[in-house]
Amino acid sequence: MTIDWTALGEVTAVSIGVTFAVVVVFAFGVLGLARYEGAKEEGGTSAVGAAQAGLCLLACVAVVAYGIYLIVPQFH
């Protein structure tokens, strides 16, 4: 049995890259939520902060759901 090191390296690189991207998008979502909450405490609202938080967190949920879809064979 031989191991295809190129395929293993590609899977590792993609996995690390996607993980980093999801963490960055999640951090932007938390930043938008903090922006929204900060404006709310000052008596105002931040539509940009709410939209940023909503879009970023929705993107994270979509990526996680897609990953679960790829892993669980009953969904295919």
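Visitor: Why are Y66 and Y69 separated by about one helical turn?

Guide: Because Y66 and Y69 are three residues apart in helix 2. Note that this is a predicted model.

Visitor: What makes Y66 and Y69 an aromatic pair that is stacked?

Guide: The structure holds one aromatic pair. In that pair, Y66 and Y69 lie 6.3 Å centre to centre, with 25° between the planes. Ring centres must lie within 6.5 Å to pair, and planes under 30 degrees apart count as stacked. Both values pass, so the Y66 and Y69 pair is stacked.

Visitor: Why is Y69 called partly exposed?

Guide: Its relative accessible area is 36%. Buried means under 20% and exposed means over 50%. The value for Y69 falls in between, so Y69 counts as partly exposed.

Visitor: What makes Y69 eligible for a nonpolar patch on the surface?

Guide: A patch residue needs over 30% relative accessible area. Y69 has 36%, and Tyr is among the nonpolar side chains that count. Y69 forms the patch with V64, Y66, I68, L70, I71 and F75. Together they have about 740 Å² of accessible area.

Visitor: How do you know that S46 is buried?

Guide: S46 sits in the loop between helix 1 (5-41) and helix 2. Its relative accessible area is 12%. The cut-off for buried is under 20%, so S46 is buried.

Visitor: Which residues does S46 touch, not counting those up to four places away in sequence?

Guide: S46 touches R35, Y36 and A39.

Visitor: What makes the approach of S46 to G49 a polar contact?

Guide: The S46 side chain reaches the backbone nitrogen of G49 at 3.0 Å. The limit is 3.5 Å between N or O atoms, where one must be able to donate a hydrogen and the other to accept it.

Visitor: Why does G49 count as buried?

Guide: G49 lies in helix 2. Its relative accessibility is 0%. Buried means under 20%, so G49 qualifies. Leaving aside neighbours within four places in sequence, G49 is in contact with G32, L33, R35 and Y36.

Visitor: How far apart are G49 and L31 in sequence and in space?

Guide: They are 18 residues apart in sequence. In space, the C-alpha to C-alpha distance is 7.8 Å.

Visitor: Why is Q52 called buried?

Guide: Q52, also found in helix 2, has 17% relative accessibility. That is under 20%, so Q52 counts as buried. Not counting residues up to four places away in sequence, Q52 touches F28, G29, L31, G32 and R35.

Notes
Residues numbered from 1 in each chain as written. Predicted model: local features only at pLDDT ≥ 70, side-chain atom pairs only at ≥ 80, totals over all residues. Heavy atoms only, no water. Patch = residues over 30% accessible without salt bridge, like charges linked within 9 Å, V, L, I, M, F, W, Y side chains within 5 Å. Areas by Shrake-Rupley, 256 points an atom, 1.4 Å probe, with all protein chains shown as cover. Salt bridge = Lys/Arg side-chain N within 4 Å of Asp/Glu carboxyl O. Buried < 20%, exposed > 50% of the residue type's maximum accessible area, 1.4 Å probe, protein only. Helix = DSSP H or I, 4+ residues; strand = E, 2+ residues; numbered from the N terminus. Contact = heavy atoms within 4.5 Å. Phe/Tyr/Trp six-rings, centres within 6.5 Å; stacked < 30°, edge-to-face > 60°.
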